[in-house]
Amino acid sequence: MNITKVVDAKGLACPMPIVKTKKAMNELESGQVLEIYTTDKGAKNDLIAWAKSGGHELLNHEEENNVFIFWIKKG
């Protein structure tokens, strides 16, 4: 997977992970991939819903040591 940009939102509470993700996504071109790190448990549902509503593709997500990692491809 070719990552274009990384967002580190660890330690931030909702809605900041979404705010930082949206800002970073606006800087990408269609087809580019954004990698997001967050520790906010609510971000999982928020990011999945946000990606879908924005026409983006959630490629994958996983959890490592209480850090959630998401890969979203810009639509």
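Which residue forms a salt bridge with Lys10? Keep that in mind as you click around; what you have open is a predicted model.

**Stop one: Lys10.** Select Lys10 and then Asp8, and you have your answer: these two form a salt bridge, with the closest N and O atoms 3.2 Å apart. Now turn on the surface. Lys10 is partly exposed, with a relative accessible area of 39%, and Asp8 is partly exposed too, at 44%.

**Stop two: Lys5.** Next, select Lys5, which sits in strand 1 (residues 3–9). Its salt-bridge partner is Glu27, and the closest N and O atoms here are 2.9 Å apart. This pair links distant parts of the chain, since the two residues are 22 apart. To find Glu27, go to the loop between helix 1 (16–26) and strand 2 (33–38). With the surface still on, Lys5 shows up as partly exposed at 30% relative accessible area, while Glu27 is partly exposed at 48%.

**Stop three: Lys23.** Stay with Glu27 and add Lys23 to your selection. Those two also form a salt bridge, with 3.9 Å between the closest N and O atoms. How exposed is Lys23? Its relative accessibility is 57%, so Lys23 counts as exposed.

**Last stop: the network.** Select Lys5, Lys23 and Glu27 together. Salt bridges with shared partners join these three into one network. As for what brings such groups together, side chains of opposite charge can pair when their charged atoms come close. That wraps up the tour, with a count of three salt bridges.

Note on methods. Residues numbered from 1 in each chain as written. Predicted model: local features only at pLDDT ≥ 70, side-chain atom pairs only at ≥ 80, totals over all residues. Heavy atoms only, no water. Salt bridge = Lys/Arg side-chain N within 4 Å of Asp/Glu carboxyl O. Helix = DSSP H or I, 4+ residues; strand = E, 2+ residues; numbered from the N terminus. Buried < 20%, exposed > 50% of the residue type's maximum accessible area, 1.4 Å probe, protein only.
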